[in-house]
There are 2 protein chains.
Amino acid sequence: MSTLQNRQFKLTSRPVGMVKRSDFEFASTPVGDPGPGEALVKVLYLSLDPAMRGWMNAGRSYIAPVGLGEVMRAGGVASVVASNDPSLAVGDTVVGGTGVQDYAVVKAKEVTKVDPRLAPLPRYLGALGMPGLTAYFGLLDIGQPKEGETVVVSAASGAVGAVAGQIAKIKGCRAIGIAGGPDKCRYIVEELGFDGAVDYKNEDVRAGLARHCPKGIDIYFDNVGGDILDTALSLLARRARVIVCGAVSQYNNHESIHGPRNYLSLLVNHALMEGFVVFEYAARYPEGMQALAGWMASGKLKAREDVIEGLETFPETLQKLFRGENFGKLVIKV
Amino acid sequence: MSTLQNRQFKLTSRPVGMVKRSDFEFASTPVGDPGPGEALVKVLYLSLDPAMRGWMNAGRSYIAPVGLGEVMRAGGVASVVASNDPSLAVGDTVVGGTGVQDYAVVKAKEVTKVDPRLAPLPRYLGALGMPGLTAYFGLLDIGQPKEGETVVVSAASGAVGAVAGQIAKIKGCRAIGIAGGPDKCRYIVEELGFDGAVDYKNEDVRAGLARHCPKGIDIYFDNVGGDILDTALSLLARRARVIVCGAVSQYNNHESIHGPRNYLSLLVNHALMEGFVVFEYAARYPEGMQALAGWMASGKLKAREDVIEGLETFPETLQKLFRGENFGKLVIKV
C-alpha cells in the first residue's frame, strides 16, 4: 500500500475572516498501513459543512480544534481498500471521519457501513447522514413541534434546513423556508412541499415572514444567525422555541459575532432558545437513521446534493458554502 | 372626597434614552369618587421597577404601553379611604396597581389585601411582592435548580436578584452574585448567605466568575443583559439554563440593544435561554407568596428596602434605579 500517494489538505494557519487556500498546505505523502482494528479506505465523497469553520479556530468548543499541521477534519464516504479488522472487508462502503484527503486509515469501530444500493453515496453525507440527523434531533427533541404550528427554517434548501422543513410537514406543521434566490425558493415549495418561502436576497425578510406567519413563529430552526435571527425573534409567538443549530452568516466574521439584538422577545413571549450539537445524540442515531430512511423510501423526504469534482478544489468549494452558492448538500467527489 | 387634591405624574412624551423629568407632567387634580366595585385608596409606598422603562415605550410588548397623558403605571401599597365594594373596608391595606399619584380609584378585585403587622409595608413591593414572585417562578420554574449546582445572579442585591440567590441557597445550590461596589458585595455574602460575590465596578467580571465557578455556570439568572450576560454565556456549563428576567443595562439605550454576542455558547453547551414575565404565573401567586412568607418567617429569606421620601422625587428616583444607585428594593414613600 505504501506506494500509493495520498493528497492531503493540512491546516497550517488559523483563518482570519473567510477561510482561504493559504490556510492549508496541499501535499502528497505515502499512505499508511492499517494497524490492528483499522482499515485503509479510499475517500469517494467529502462532506463540506459550516461547522468546519469553527473546527479551524483555536479555543474551547464542543470538539477539539483541528491542530496546525493536521489533516483538515471532514466526514466522508469511502471504500475499504485494505482491512486489518474482521468487521470490514475490502470493497465495503463506509461513512466516517476521513479528513480532507484521498486515503485515510480509520478505526473500524469509528466508521459505519452503508449500503450503496439504497441511495446515491453523497446522500449518506446529507439527508441520510449527519445533516439529516441534525435536523431530526434538533427539530423533534428541542423544537417539540405540535400539529398546526408554524415552523420557520433558515438556509432552507441546505442540507439541514431542507430535512428540518420536510420533517415539520410530516409532523403536521406549516413549514416556511428562508432561502437565497428564486430557484431555491421555488425548489423548497414545489419540490419539497414547504408552505411558503422567503427569498432573503430579493425581498424584505420581515415582511415575508410576517405575511407567511400571521400568528407568529412557533418554532424557528436557525442555521444562519445574524440579521435573519434578529428578524425571526421579532416575530415569535408565545411559548416559541428557537433552535440554535448554526450561524453560518457569522462564522467568518473578523470581529466578534453579531448577537441577537431582539433576544428580549424571549422575555415578552416566554420563549426559549436552545442549542445543541448532533454528536450528543449518538446513542439515538439508529432511531434517527431508521426514521429518515423510512421517509425517504416512502417519498416523504427528498434530498438534493451539489457535487463538485476534485479534492484539489477544497478551499474554494468551502468558500462557496459560506457564500450560499451551493444548492443542496455540498460534497466534493474526490 | 372630591375636595382632596391628588398629585399625579402623567407620561407626556416617550423617553429617548434615559427617562427624565420632562417626560412627565406633575400636576394636581381633585380625587375621583369610587364607583360600584371600586375603592378610593391613599398611596403609601410606590414600587420603582426596571420594567417601568419598557412600559413607557410605544409598541408591542407583554403589556400595553402607558398612554401619553395617562398616569404613569406603578405598583403600590395603599390604605383604603373610601370603599364602594363589600370586600374592602376603610383602613384596609392593599397592594396593587395604583399609579404614580397620591390617591387612586382602584377596582376591588384588582388589589390584594395585606396584613401590615406581618412585615414592613415596603416589603410587599419587594421580597413579598412582584419582585419576590419573579425570583421564585423564574428560578424554580425556568431554572429548575438541582442540589449542588452553581447559580449566578446579576443585580444580586436588587429586589429580584437578592431573592433569587437566597432561594438558590435554600434549594442546595451554590449562589454567586454580581453586584456593584464593596458594600453590596459584602451584603449579599455576609447578610444574605451567597457563597461569593463579583464586584462588577471594581473587578474583571470574567475572572471573578471563573474563580467562583470552576465547573462553569449551571444557572444564570439575568437581570441586566449587556456585557455581563455576554460574560456569563462564555462560562456556561453543559446543559446550563439562562433565565432572561430583565436587561436593566439596556432599557435606556438610544440605539438598538446589545445582543448577547456569545449566544453560540448555547449551541456548544446544549444550553437554553428562556424568558418570562411574572404576570403569566398569576394563577400560582398564592403558592409563591406562601413559600416566600414561610422562608421569611423562618429567617431563611432576608430583604432590604431603599426608601426615598416624596412622590415629587419620582423621575430622579427612577434614574437612580437605572444607575444602580439604590441598595435593595427601591420604593418611594409618598
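This is a short chat about how chains A and B sit together in a predicted model.

Q: Before we start, what are the ground rules on numbering and confidence?
A: Residues count from 1 along each chain as its sequence is written, and chains are lettered from A and ligands numbered from 1 in the order in which they are written. The model is predicted, so to speak: local features need pLDDT of at least 70, side-chain atom pairs count only at pLDDT 80 or more, and totals for chains, interfaces and linings use all residues.

Q: OK, what turn lays chain A on chain B?
A: A turn of 180 degrees with a shift of 0.0 Å along the axis, giving an RMSD of 0.0 Å (least squares on the C-alpha atoms of residues with pLDDT of at least 70 in both copies). That's a two-fold axis relation.

Q: Which C-alpha of chain A is nearest the axis?
A: That of A:G259, 2.1 Å from the axis.

Q: Switching to the contact: how many residues does it take from each chain?
A: 24 from chain A and 24 from chain B, where contact means C-beta atoms, placed from the backbone, within 7 Å.

Q: Which element of chain A gives the most to that side?
A: β13(A), with four residues. Strands here are DSSP runs of E, at least two residues, numbered from the N terminus.

Q: And what does β13(A) pair with across the contact?
A: Strand β13 of chain B, residues 272-275, running antiparallel and joined by three bridges; pairing needs at least two DSSP bridges.

Q: What stands opposite A:M273?
A: B:M273, in β13(B).

Notes
Two residues are in contact if their C-beta atoms, placed from the backbone, lie within 7 Å.
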